Structure formats: structure tokens, C-alpha cells
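Please open the structure in the viewer and keep the selection tool at hand. The tour proceeds one selection at a time.

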Amino acid sequence: MSPAPRPLPLAPLRGQRIGVIGAGNMGQALLGGLRRAGVPAAALMAAERDQRRCAQVRRLGVRCVSLDVLVERASIILVAVKPQDIREVLQRIGALRQGRGVLVISIAAGIPIRAIQRLVGKHPVVRVMPNLPATVGSGISALACARGVSAAEHAAASAIFQGVGEVVEVPERLLDAVTAISGSGPAYFFTVFQALREAGASLGLPGDVAERLAVHTALGSAKLALAAPGQLPALIARVASKKGTTEAALKMFRHRRLSSVIEDGVKAAARRSRELTAMLDTQVGA
Ligand SMILES: NC(=O)c1ccc[n+]([C@@H]2O[C@H](COP(=O)([O-])OP(=O)(O)OC[C@H]3O[C@@H](n4cnc5c(N)ncnc54)[C@H](OP(=O)(O)O)[C@@H]3O)[C@@H](O)[C@H]2O)c1
């Protein structure tokens, strides 16, 4: 599926040279979003050690350069490597950009701003938690800015992620909660789709038909919920008539305490995110 171009406030990115380190799932999604939104290829570059991925980047019209060249030339560095690879990248930024300011944006899960700043030095840092639907242009990203990040830097970081979906801003301490809702969230919905597929099959529907019914129902329901923010109980009431089929299902969900099962799962994800962050903070910053 080719994502639709998203209108992007391009002004905050004008004149910037944006370098993406790590052109995997997320790095390529972000580069693709920026290209589709009209950011010129000449304003973008990537550093990627996997040659196959470099070729994919070049198909977007974007240059693949060495890590050092990118770090030397970029005015915004977006770090999109896995947490286990981030230390050497941040150290390189710290070594090559001493005294020459650069906006550092990291999407690495669980790497706190303080750990990033310990390695890169006194640069403005924005930490972002995107999610997998960013790869089809329908993500939602939560931004947390370090103290001292300017309004212009904030606007630039926000614009980059608007290329692949919606953007919200939270204080950094809430990123574990964000991870538990929207970071891990796609897997929760896929689990529900799978359960609906199996339930449909148990009622005699072909599995693929049941899956299509479930996924399209989710898509339409999401559009309705977006059109009526804060109105979930009213939307439920529009489907569930008294003594009808939906009410029969909802009654069973309440009886089996579905809401508390979901709450417990989300709390377990947030707890794990806090544990991983504490572990990575020590490892990366040490
Ligand atoms: N995927 C998601 O749903 C998601 C959601 C939220 C946040 N994130 C975060 O996004 C980051 C990237 O995730 P991803 O799924 O896009 O990972 P990915 O597909 O593995 O992409 C990372 C790429 O960076 C390359 N790389 C690593 N170190 C490098 C270096 N020093 N110089 C140049 N390239 C380097 C890797 O090469 P090799 O393959 O050779 O190692 C790989 O191609 C992670 O930190 C993750 O926590 C991901």
C-alpha cells in the first residue's frame, strides 16, 4: 500500500539538512513521508550500513552517505537505529559536532534524553515514540523535548513526524504510558482481529472473509471515533440497541471483565517499558 501524501508545515524545515541514521522500517518511512510532503531530496541524506537498504533509500531519490559525512553535514540528525546500536552513533555525534549545534532527534525506544545528552553533549534533543502504522503514513508519534529546545526546533521535529501521521506532545516521564498505548497498540488490535477471525470461522465464515469484515469494521469505527472525539459511550450506544445483538456481546464482555483485562495488559507494557528504560539508561550512558 502506498501512503497518501500528508500536508506538512514545510516552513520549519526550510533550509535544513536532515540526516537519518538507520534506514530500516522507521528511517525509510520517515524519509518517504518527507519526500511525499515535498521536502527536496537534496535536503535529505541517510547513513545505513546495510547496502540493500541503501539501494531502497536511493529509490526515494535520497543520498546514502557515511555516518561521519552525515554527522558533519546535517543540521538535524534523526537517529533511527535499534537501541543496542545507538551508543556508537551518539558517541560519533558527540565527537564530531563539539561546539557546532545540531538538533538530535531519537526514536529509539527506552533511551532517555539524559542518556542521549550524556553522549552527544550540549545539543538540543527531542525524543519521539512513533508506531508501526507510520510505515503506511497512518502513525501517531509522541514527542518529548529536552529542556532548552527552542520553538523552531520543536516545530521542525514535529513537522518531520507529521509526514507519517499525527503528532502529540507529552512530558518525557509519560513516554512509558505512550509506549503501552500507541507503541505496542498495533499488536493489541492485530490480536483482536485474529480473535474475530477465529470467532467468525467458528460460526462458519471463511477465515479470510471474517478477517476482512473485522479489519474494515475497525477502519470505519476508527474514522467515526476520530470524527467525534470524547464520544465513545455515545458511539457505543448508536450500535447497541436494547436487548439487541451488540448488547448481548457487550454484556458477555462485561461479565468476563474485558476492560480490566485490557487495563492489566497496558499496565504490564508500561511496567516493562520502565524496566527497559532503566536498563538501557545504565547501559548506554555508562
Ligand atoms: N519498528 C517499530 O514499530 C518502532 C516503533 C517505535 C520505535 N521504534 C524505534 O525505531 C528504531 C528503529 O527501528 P526499526 O524497526 O526501523 O529498526 P531496523 O529496521 O532494524 O532499522 C535500523 C537500521 O539501522 C542500521 N544501523 C544500525 N547501526 C547503524 C550505524 N552505526 N550506521 C548506519 N546504520 C546503522 C541497521 O543495520 P543492520 O540491520 O545491519 O543492523 C538497520 O538497517 C528503534 O530504536 C526502535 O526502538 C520502532
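The stops below go from the whole chain to the ligand and then to one helix.

This is a predicted model, in which local features need pLDDT of at least 70 and side-chain atom pairs count only at pLDDT 80 or more, while totals for chains, interfaces and linings use all residues. Residues are numbered from 1 along each chain as its sequence is written.

Begin by selecting the whole chain. Its C-alpha trace spans about 70 × 40 × 35 Å along the principal axes. The chain holds 12 helices and eight strands; these are DSSP runs numbered from the N terminus, helices being H or I of at least four residues and strands E of at least two. Among contacts (C-beta atoms, placed from the backbone, within 7 Å) between residues at least 6 apart in sequence, 67% join residues at least 24 apart.

Next, select the ligand and its shell, counting a residue as near if its C-beta atom, placed from the backbone, lies within 6 Å. Of the 27 residues around the ligand, Gly22, Gly24, Met26, Ala108 and Ala109 come nearest. The elements giving two or more residues to this shell are α1 (25-36) and α4 (86-96). Helix α1 gives the most, with three residues.

Finally, select helix α5, residues 113-120. Which of its residues are buried? They are Ala115, Ile116, Gln117, Leu119 and Val120, where buried means that 20 or more other C-beta atoms, placed from the backbone, lie within 10 Å of the residue's own. Of the 286 residues of the chain, 35% count as buried. Move one step on to Gly121, which follows α5 and has a positive phi, near 90°.

Definitions and conventions: Buried ≥ 20, exposed ≤ 12 C-beta atoms within 10 Å, placed from the backbone. Contact = placed C-beta atoms within 7 Å.
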